[in-house]
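Trainee: I should like a close look at a single part of this model, together with its surroundings. Please keep the account connected.

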Amino acid sequence: MSPVTPRYGIDTSVLVRLLTGEPPEDFEHCVSRLRGLIENDGAEIFASNQVIGEAYVAVQHHYGVSKTDARAGLTDVLRSGLVSPMNGRVVFEILDAVEGPGLFDRLIADEYSPAGVEVLTLDRKMASLPGVRGL
């Protein structure tokens, strides 16, 4: 019987530290602990769509990061090998999309998609996404 791979989901506080590097001691602590879990235990570390969305807003509001830089930073962190998007590669397409519906709308639609659930919305831009219907 093969060993089970430990899997962890991070919260927004961890993703914000990885994005900003601030404060430096918390950043180093996060990186060290995550690397230890990956290298010593073979763990996989994930960020949910909700955590990605919250971190996107937090770095803009608390650190003055632009939307463009927040998206680029999230992409870098999620490709770093420390943390992966829980919903897979489609999250990178969502982070790259700048026209039409916003990041949160896209993350919401993506969250429902694996369950085969169609999203209902009053937002015209969001209604243009696959799997989303105007109410």
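Against which elements do the buried residues of α3 pack?

Mentor: The buried residues of α3 pack against α1, β2, α4, β3 (84-85), α5 and α6. This is a predicted model, in which local features need pLDDT of at least 70 and side-chain atom pairs count only at pLDDT 80 or more, while totals for chains, interfaces and linings use all residues. Residues are numbered from 1 along each chain as its sequence is written, and side-chain values use heavy atoms, with hydrogens and water left out.

The helix α3 covers residues 49-63 (helices are DSSP runs of H or I, at least four residues; strands are runs of E, at least two). For its 15 residues, a span of 21 Å is expected at 1.5 Å a residue (multiplied by one less than the number of residues). The end C-alpha atoms of α3 are indeed 21 Å apart, so the two values agree. Just after α3, Gly-64 takes a positive phi of about 70°.

Asn-49, Val-51, Ile-52, Gly-53, Ala-55, Tyr-56, Ala-58 and Val-59 are the buried residues of α3 (under 20% relative accessible area, 1.4 Å probe, protein chains only). Three of the names in that list, Val-51, Ile-52 and Ala-55, recur around Leu-15, which is in contact with Ile-10, Ala-47, Val-51, Ile-52, Ala-55, Leu-74 and Val-77 once neighbours within four places in sequence are set aside (contact: heavy atoms within 4.5 Å).

Leu-15 also leads to the core. Together with Leu-18 and Val-83, Leu-15 has the most contacts inside the largest nonpolar core, which has 29 residues (buried Ala, Val, Leu, Ile, Met, Phe, Trp, Tyr and Cys joined through side-chain atoms within 4.5 Å). The elements giving two or more residues to this core are α1, α2 (24-41), β2 (44-47), α3, α4, α5 and α6. Its largest share, 6 residues, comes from α3. Another core, of 5 residues, lies apart from it and includes Val-119, Met-126, Leu-129 and Val-132.

Two of the partners of α3 deserve a further word. In α6 (residues 103-112), Leu-103, Asp-105, Arg-106, Leu-107, Ala-109 and Asp-110 are buried. These residues pack in turn against α3, α4, α5 (90-96), β4 (119-121) and β5 (132-134).

In α4 (residues 67-78) one finds Gly-73, which counts as buried because its relative accessibility is 18%. The C-alpha atom of Gly-73 is separated by 9.9 Å from that of Leu-95, 22 residues apart along the chain. The contact of Leu-15 with Leu-74 and Val-77 brings the account back to the core, where Leu-15 is among the residues with the most contacts.

How values were computed
Buried < 20%, exposed > 50% of the residue type's maximum accessible area, 1.4 Å probe, protein only.
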